[in-house]
Amino acid sequence: MFTGIIEERGKIHKFTFKGYSADICIEASKILNNIKLGDSIAVNGICLTVTKYENNYFEANISEETLRVTTARFFKRGMWVNLERALKLGDRLSGHIVTGHIDTIGKVKSVQTNKDFSVFHIEIENSEYVKYVIKKGSIAIDGISLTVNDIIGNIIRLNIIPHTLRNTNLEFLKTGDLVNIEFDIIGKYVEKLIGTKNNTGITEEFLQKTGFVGGF
C-alpha cells in the first residue's frame, strides 16, 4: 500500500528482458534507507519487490502481466522514475490510498507550463475506465497522487504545482508520452458492491428496504 507521495526520483541503470519477464536495476538513495529484501517499492506507480540492493541501487523483477498492462515494457536505461516505499502503519496519509496495481495506460496530450503551475492533459486510452474519474477526485499518475481538475470525455486535466514538477518525472514528460494510471480504489469497491450479480450487494431496492432512501 502506498500514498502517491513520491520520495525521490531514481534513474534506471539497467533494464533487461528475460523471456516473458524483465529485470530492472534502479539507482537511488533516500528510499534505500532501512530497506530489506522482499520490501515493496512503487516504481512509476508499479508495485515491485526488492530482490537485491546495495547502498546506491536496488533490483527487481517485472512479470509478464506487469509488462503487458503498464509502461514498464518501455523502460530503458537512463530514464527517471518515481519511487515510493510502502506505507507504514502510523504514517500520515498525505496523498490517497494507492495499491501499486495499474489499471490502464494514459497518453500525454499536451503540457503547458508557466511560473505558477503546469497544466497536463492526459487521455485515458481505455474509455471504460472513465467512470472511475470524478472532478476534484484523486488519481495516481505514474504513482503520483494528483487531483483531477476537470475531465472532458476521456481526457483529464491536471494542474501541477512547481514542487511536484521538480520532484517527479512529470518534469520530463512531453506530448505523446505514456503514463501509468491507477484509479481511486474506493470507487471500484462501491461499484463491486452495487453491481453484485446475485443481488446480495447494495442496490437501490436494498437501500429503500433498509430505510436509507425514500420514506421521508
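Is Lys-136 buried or exposed? In this predicted model, Lys-136 counts as exposed, at 57% relative accessibility, because that value lies over the 50% cut-off. The residue is placed in the loop between strand 8 and strand 9. Its backbone has a positive phi of about 70°, although Lys-136 is not a glycine. A second non-glycine residue with a positive phi is Asp-142, for which the angle is about 50°. Asp-142 belongs to the loop between strand 9 and strand 10, the latter spanning 144-147. With a relative accessibility of 2%, Asp-142 counts as buried, whereas Lys-136 counts as exposed.

The strands considered here belong to two sheets, described in turn. One sheet is a closed barrel of 6 strands, which runs 1-2-5-4-3-6 with antiparallel pairing. On average, neighbouring strands of this barrel are turned by 45° against each other, direction ignored. Strands of a sheet pair through backbone hydrogen bonds, in either a parallel or an antiparallel sense. Within the barrel, strand 1 (residues 8-18) and strand 2 (residues 21-27) run antiparallel and are joined by 7 bridges. These two strands form a hairpin with 2 residues between them. Gly-19, in the turn of the hairpin, has a positive phi of about 70°. Lys-18 has Ser-21 of strand 2 as its bridge partner, and Lys-14 stands opposite Cys-25 in strand 2.

Strand 1 also pairs with strand 6 (residues 80-85), in the antiparallel sense and over 4 bridges. Here the bridge partner of Glu-8 is Leu-83 in strand 6. A contact between a charge and a ring involves Arg-9 and Trp-80: the charged end of Arg-9 sits over the ring of Trp-80, at 5.8 Å from its centre. Arg-9 falls within the residue range 8-18 of strand 1, and Trp-80 within the range 80-85 of strand 6. Phe-15 and Phe-17 form one aromatic cluster together with Phe-75.

The other sheet is open and consists of 7 strands in the order 10-9-13-7-8-12-11, again with antiparallel pairing. Its edges are formed by strand 10 and strand 11, each of which pairs on one side only. Neighbouring strands of the open sheet are turned by 35° against each other on average, direction ignored. Strand 7 (residues 104-113) is joined to strand 13 by 4 bridges, and the two run antiparallel. Lys-107 stands opposite Leu-178 in strand 13.

Aromatic contacts were searched for over the whole structure, and 6 aromatic pairs were found. Among them is the pair of Tyr-129 and Tyr-132, which is tilted, with 6.3 Å centre to centre and 40° between the planes. Both partners count as buried: Tyr-129 has a relative accessible area of 17%, and Tyr-132 has a relative accessibility of 18%. These values qualify because buried means under 20% relative accessible area. Tyr-129 also forms an aromatic pair with Phe-183. This pair is stacked, with the centres 5.6 Å apart and an angle of 15° between the planes. Tyr-129 lies in the loop between strand 8 (118-124) and strand 9 (138-141), while Phe-183 lies in strand 13 (residues 178-183), so the pair ties together parts that are 54 residues apart in sequence. Phe-183 is buried, with a relative accessible area of 1%.

A further loop position is that of Gly-153, placed between strand 11 (150-152) and strand 12 (155-160). Gly-153 is exposed, with a relative accessible area of 56%. Gly-153 and Ile-124 are separated by 29 residues in sequence, and their C-alpha atoms are 9.2 Å apart in space. Ile-124 falls within the range 118-124 given for strand 8.

Terms used: Residues are numbered from 1 along each chain as its sequence is written. This is a predicted model: local features need pLDDT of at least 70, side-chain atom pairs count only at pLDDT 80 or more; totals for chains, interfaces and linings use all residues. Side-chain values use heavy atoms; hydrogens and water are left out. Two strands pair if DSSP finds at least two bridges between them. Axes are lines fitted to C-alpha atoms, for helices over the stretch in contact, and angles run from 0 to 180 degrees between N-to-C directions. Buried means under 20% relative accessible area, exposed over 50%, partly exposed in between (1.4 Å probe, protein chains only). Rings of Phe, Tyr and Trp (its six-membered ring) pair if their centres lie within 6.5 Å; planes under 30 degrees apart count as stacked, over 60 as edge-to-face and the rest as tilted. A charge sits over a ring if NZ of Lys or CZ of Arg is within 6 Å of the ring centre and within 35 degrees of the ring normal.
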